[in-house]
Amino acid sequence: MELNLQQRVCIKFCVKNGFNGAKTLEMLENCFGSDVLKKTTVYEWHERFRSGRESVEDNERSGRPSTSKTDENINKVREMLANNRKLTIRELAEDLNIAYGSVQDIVVNDLGLRRVAAKHQASEWRAPNEPRPKKPRRFHPLQQPSNLSDMAPCDFFLFDRVKKPLRRTRFNSRKEVMEKSKTALMAIPIIEFQKCFESWIKRWHKCVAVAREYFEGDNITFDE
């Protein structure tokens, strides 16, 4: 706060000596370096002094503490955002009776949060490296063994039925292979596909019974 007052005194001095806003900002940057006030703040105070203001102190605000950025207020903002990350700066300022700029400074600089927009959802406050929350699944995953060749219908049912009619046949082009394969596929009766899925369910039980080991061709019996 003391540093802010010093810079306001300097701004007032520049105004009294006829320096414009740009020149005033340049002189402050040369004097205070990285601690200089924000450009918008410098121009605001420059305009106030140019309009006749004499005091470099903040105006007292009824119902508000002289210093809004306290540890207590920082903790209150942190707690409110922990409960609802979609709160806006204005809503926080109104609920806590704190200046808008102070709340913004707390959220961005003290808590290190940024406003993140989500598709079809209201934006919310998150830390820069914080991962997005995963959306809840709208379906229940099917409880079945891992992806083994014994469990793939194409492996234990389809491929053999398509390849069998094509054995010992010489093809002249890729197109001919595709046409013959399609013909073999369409020749499989629908009832065979239904039996395939019934067999698939039995294979689940087999795979569980052998602890996911390969079982094709093994003589395995189990209770259904």
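How many aromatic pairs does the structure hold? The structure, a predicted model, holds 1 aromatic pair. The partners are Trp45 and Phe49, with ring centres 5.6 Å apart. Their planes meet at 35 degrees, so the pair is tilted. Stacked pairs need planes under 30 degrees apart, and edge-to-face pairs need over 60. Both residues belong to helix 3, which covers residues 39-50. They stand 4 residues apart, about one turn of the helix.

Both members of the pair are buried. Trp45 has a relative accessible area of 3% and is therefore buried. Phe49 is buried as well, with a relative accessible area of 5%. The threshold for burial is under 20%. A charged side chain also takes part in the surroundings of Trp45. Arg48 lies over the face of the Trp45 ring, at 4.5 Å from the ring centre.

The overall fold was examined next. The protein has 9 helices and 2 strands. Along the sequence, these elements follow the pattern α-α-α-α-α-α-β-β-α-α-α. The chain of the protein counts 224 residues, of which 25% are buried. The protein exposes about 17000 Å². Carbon and sulfur atoms supply 50% of that area. Contacts between residues at least 6 apart in sequence were also sorted by separation. Of these contacts, 52% join residues at least 24 apart.

Nonpolar packing was then considered. In soluble globular proteins, nonpolar side chains tend to be buried together. The largest nonpolar core here contains 14 residues. Val77, Leu81, Leu92, Val103, Val107 and Leu111 touch the most other members of this core. Three helices each supply at least two of its residues: helix 4 (71-83), helix 5 (89-96) and helix 6 (100-110). Helix 5 gives the largest share, 4 residues. Another core, of 11 residues, lies apart from the largest one. Val15, Leu28, Phe32 and Phe49 are among its members. Phe49 thus appears both in this core and in the aromatic pair with Trp45.

Gln7 also makes contact with members of the 11-residue core. This residue is placed in helix 1. Is Gln7 buried or exposed? At 0% relative accessibility, Gln7 counts as buried, because the cut-off for burial is under 20%. Beyond its neighbours within four places in sequence, Gln7 is in contact with Leu28, Phe32, Asp35, Val36 and Leu37. Of these partners, Leu28 and Phe32 are listed among the residues of the 11-residue core.

Charged pairs were surveyed last. A search of the whole structure finds 5 salt bridges. One of them joins Glu54 to Lys16, with the closest N and O atoms 3.2 Å apart. This salt bridge links distant parts of the chain, as its two residues are 38 residues apart. Glu54 sits in the loop between helix 3 and helix 4. Lys16 sits in helix 1 (residues 2-16). The partners fall into separate exposure classes. Glu54 is partly exposed, at a relative accessible area of 44%. Lys16 reaches 57% and counts as exposed, because exposure begins over 50%. Lys12 joins Lys16 and Glu54 in a network of salt bridges.

Other salt bridges lie within a helix. Lys76 and Glu72 meet through their side chains at 3.3 Å, N to O. Both lie in helix 4, 4 residues apart, about one turn of the helix. Lys76 is partly exposed, with a relative accessible area of 34%. Glu72 is exposed, with a relative accessible area of 52%. Helix 4 also supplies at least two residues to the largest nonpolar core.

Helix 9 provides a further case. Glu192 forms a salt bridge with Lys195, and the closest N and O atoms are 3.9 Å apart. This distance falls inside the limit for a salt bridge, which is within 4 Å. Both residues lie in helix 9 (residues 190-209), 3 residues apart, about one turn of the helix. Glu192 counts as partly exposed at 22% relative accessibility. Lys195 is partly exposed too, at 46%.

How values were computed: Residues are numbered from 1 along each chain as its sequence is written. This is a predicted model: local features need pLDDT of at least 70, side-chain atom pairs count only at pLDDT 80 or more; totals for chains, interfaces and linings use all residues. Side-chain values use heavy atoms; hydrogens and water are left out. Rings of Phe, Tyr and Trp (its six-membered ring) pair if their centres lie within 6.5 Å; planes under 30 degrees apart count as stacked, over 60 as edge-to-face and the rest as tilted. Buried means under 20% relative accessible area, exposed over 50%, partly exposed in between (1.4 Å probe, protein chains only). A charge sits over a ring if NZ of Lys or CZ of Arg is within 6 Å of the ring centre and within 35 degrees of the ring normal. Contact means heavy atoms within 4.5 Å. Accessible areas come from the Shrake-Rupley method with a 1.4 Å probe; for residues, only the protein chains shown count as cover. A nonpolar core is a set of buried Ala, Val, Leu, Ile, Met, Phe, Trp, Tyr and Cys residues joined through side-chain atoms within 4.5 Å.
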